[in-house]
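Please look over the sequence and the 3D structure shown here before reading on. The report that follows takes up a few parts of the model in turn.

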Amino acid sequence: CVSGSLKSALMQLAENGQLTNVVVDEAHLIETWGMFFRVDFQLLASERRKWREATGKTLRTLLLSATFTPSCRAVLQRLFGEPDCWREFVSQRLRSEMSYYVHHFSLRAERDRALLEAAWRLPRPAIWYTTEPKDAEKLAGELRNMGFTRIGCFHGDTNGQERRRLIQEWAEDRIDLMVATSAFG
């Protein structure tokens, strides 16, 4: 949006009064990546100023992150702040961290039984990662045979249309167990 094909489209929207908000999630990346790795993150601030001028200074900007450091906040205020127009809202809460369980099985059949048993007990939604597409397909099939119906299977061989459907269903909480390879990430 600052150096690609969206740049002119966003300016046109701003000039037409159709750009009302700019929302940047994971805004801490502007400081951490913007200095050396992806300069476009920091160039966003100058483009946003142009959009703000084009909207008659009505454009609102929301910078969101769960990991703002004091130095990051200072950088963001310098880059995005307007005189008498900077507000911070802080909502701190403890987020439960992911839990990992590791157990070594001497027999594959023993491991597979324990895995299928865990399907009945673990909280959902859940993502079960495998390394190979064939293993993902096999596990998803076994879960369906056990009576689970809200199952997705996503891997590198999943076609584009199916990927879009699975991602949409996952976003809409219509899948309880996603069996996937790293392609789902």
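## A salt bridge and its two partners

E172 forms a salt bridge with R174, and the closest N and O atoms of this pair are 2.7 Å apart. Keep in mind that the model is a predicted one, and that distances such as this one are therefore computed from predicted positions. E172 is partly exposed, with a relative accessible area of 39%, and R174 also counts as partly exposed, at 40% relative accessibility.

## Other salt bridges

The count of salt bridges in the model comes to 14. One of them joins E88 to R73, with the closest N and O atoms 2.7 Å apart. Because E88 lies in the loop between α4 (70–80) and α5 while R73 belongs to helix α4, the pair ties together parts that are 15 residues apart in sequence. Both ends of this bridge are partly exposed: E88 has a relative accessibility of 37%, and R73 has one of 35%.

K7, E47 and K50 are linked in a network of salt bridges. Within this network, E47 is found in helix α3, which covers residues 40–54. Is E47 buried or exposed? With a relative accessible area of 5%, E47 is buried, since buried means under 20%. Leaving aside residues up to four places away in sequence, E47 touches V2 and K7.

## Helix α6 and its two faces

Helix α6 consists of 13 residues, 133–145, and at 1.5 Å a residue these should span 18 Å; the C-alpha atoms at the two ends are 18 Å apart, which agrees with the expected value. The buried residues of α6 are A136, L139, A140 and L143. They cover an arc of only 100° around the axis, which means that they lie on the same side of α6. An α-helix has 3.6 residues a turn, so residues three or four places apart point the same way. On the face turned away from the buried side, α6 carries the exposed residues K134 and N145.

A salt bridge is also found within α6, where K138 pairs with E142 and the closest N and O atoms are 3.9 Å apart. Because K138 and E142 are four residues apart in helix α6, about one helical turn separates them. K138 is partly exposed, with a relative accessible area of 44%, and E142 counts as partly exposed at 24% relative accessibility. Just after α6, G147 takes a positive phi of about 110°.

## The sheet beside α6

Which elements do the buried residues of α6 pack against? They pack against α5 (108–121) and against the strands β3 (126–129), β4 (151–154) and β5 (177–180). Helix α6 lies across β3, β4 and β5, and runs at about 170° to β4.

An open sheet of three strands has the order β3-β5-β4, and its pairing is parallel. Since β3 and β4 stand at the edges, each with a single partner strand, one side of each is left without a neighbour in the sheet. From one strand to the next, the twist averages 20°. Looking at one pairing in detail, β4 and β5 run parallel and are joined by four bridges, and G152 stands opposite M178 in β5.

Note on methods:
Residues numbered from 1 in each chain as written. Predicted model: local features only at pLDDT ≥ 70, side-chain atom pairs only at ≥ 80, totals over all residues. Heavy atoms only, no water. Expected span 1.5 Å × (residues − 1). Buried < 20%, exposed > 50% of the residue type's maximum accessible area, 1.4 Å probe, protein only. Arc of directions from axis to C-beta. Contact = heavy atoms within 4.5 Å. Salt bridge = Lys/Arg side-chain N within 4 Å of Asp/Glu carboxyl O. Pairing = 2+ DSSP bridges. Axes fitted to C-alpha atoms, helices over the stretch in contact; angles between N-to-C directions.
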